[in-house]
Amino acid sequence: AEVGPVTFKTDIACPAPSTFAVSNVKSDRADLSWTPGYASAWKVYYKLETDSDYRVKDVTEQDVTTEGTTVTYTLTGLVASTESEENNYSVYVVENCGNGDGVSESTATLTFTTLEECATPSDITFSNIGHYTAKVDWTGDSDEFTVSYRVAEQVDGLVEEFNNSKL
């Protein structure tokens with residue numbers, strides 16, 4: 001007996017990463033995250049907007065952190081923006097499937113701008129204000145900081161100064 005035509009679809013040999021995003025951009029680094037296809041190795045292509053050629057970083061499972069199905073890689077060695085010049089980067093990722101499957105198509109190309117080194121903190125907010133305590137949050141680039149404060153009616157004198165080593 002003859003069996004009629006059979007239709008089937010094969011998987012792509014090396015699917016591209018999906019849900020590609022850039023976050024936590026600092027003066028010299030940025031976090032890149034994506035959902036991998038089948039591979040456990042990737043190539044990160046990045047360049048300054050003013051450069052003509054992309055640089056390539058080979059990334060493996062040992063270089064990323066994994067949360068659920070998302071991997072995150074911290075791209076380091078970036079050039080900080082300055083007061084007079086923003087440093088804009090372009091970045092995309094491909095899977096490195098190996099075993100003759102080659103590399104996948106690329107993710108979308110994303111752009112981001114590095115922060116200035118030791119930029120002035122922004123988005124300062126105060127919450128949970130009590131008689132003797134308050135929570136202070138801000139956006140900044142540095143892992144080191146000093147917070148100074150005084151009683152508002154006090155013209156001179158510092159009540160307290162502390163930095164991250166006292167936390």
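**Notes on an all-strand predicted model**

1. Let me start in the middle of the fold: strand β7 (residues 88-95) is joined to β3 by seven bridges, and the two run antiparallel. Strands count as paired if DSSP finds at least two bridges between them. Strands themselves are DSSP runs (E, at least two residues), helices are runs of H or I with at least four, and both are numbered from the N terminus. Within this pairing, Y46 stands opposite V91 in β7.

2. A word on the ground rules. This is a predicted model, in which local features need pLDDT of at least 70 and side-chain atom pairs count only at pLDDT 80 or more, while totals for chains, interfaces and linings use all residues. Residues are numbered from 1 along each chain as its sequence is written, and side-chain values use heavy atoms, with hydrogens and water left out.

3. Now the overall picture. The protein chain has zero helices and twelve strands. Of its 167 residues, 26% are buried, where buried means under 20% relative accessible area, exposed means over 50%, and partly exposed is in between (1.4 Å probe, protein chains only). Contacts here are heavy atoms within 4.5 Å; among those with a separation of 6 or more, 52% are between residues 24 or more positions apart. The accessible surface comes to about 11600 Å², and 48% of that belongs to carbon and sulfur atoms. Areas come from the Shrake-Rupley method with a 1.4 Å probe, and for residues only the protein chains shown count as cover.

4. Back to β3, which is mostly covered, with seven of its eight residues buried. Besides β7, β3 has β4 as an antiparallel partner, through six bridges. A hairpin of six residues connects β3 to β4. Y46 turns up here as well, standing opposite R55 in β4.

5. The β3 and β4 strands also share a charged pair. D58 and K43 meet through their side chains in a salt bridge (2.7 Å, N to O); the term asks for a side-chain nitrogen of Lys or Arg within 4 Å of a carboxyl oxygen of Asp or Glu. This pair links distant parts of the chain, with D58 in strand β4 (residues 55-60) and K43 in strand β3 (residues 41-48), 15 residues apart. D58 counts as exposed because its relative accessibility is 52%.

6. The whole structure has four salt bridges, including two more worth a look. R29 and D28 meet at 2.7 Å, N to O; R29 is partly exposed at 23% relative accessibility, and D28 is partly exposed at 33%. K135 pairs with D137, the closest N and O atoms being 3.6 Å apart. Here K135 is partly exposed at 40%, and D137 is partly exposed at 32%.

7. At the N-terminal side, strand β1 (residues 18-23) and β2 run antiparallel, joined by four bridges, with A21 opposite S33 in β2. Five residues lie between them in the hairpin, and N24 in the turn has a positive phi of about 50°. T35 lies in strand β2 (residues 29-35) and counts as buried because its relative accessibility is 18%. The T35 side chain makes a polar contact of 2.7 Å with that of T19. A polar contact is a pair of N or O atoms within 3.5 Å; within protein, one must be able to donate a hydrogen and the other to accept it, and residues adjacent in sequence count only if both atoms are side-chain atoms. Leaving out residues up to four places away in sequence, T35 touches P17, S18, T19, T69 and T70.

8. Another threonine to inspect is T114, in the loop between β8 (110-113) and β9. Buried or exposed, where does T114 fall? T114 is buried, because its relative accessible area is 3%. A polar atom of its side chain lies 2.7 Å from the backbone oxygen of V79. Beyond four places in sequence, the contacts of T114 include V25, K26, L78, N87 and Y89.

9. Finally, the surface. I124, F126, I129, V136 and W138 form a nonpolar patch with about 500 Å² of accessible area together. β9 (122-127) and β10 (135-139) are the elements that give two or more residues to the patch. Patch residues have over 30% relative accessible area and no salt bridge; like charges are joined within 9 Å, and nonpolar side chains (Val, Leu, Ile, Met, Phe, Trp, Tyr) within 5 Å. F126 sits in strand β9 and counts as exposed, at 54% relative accessibility.
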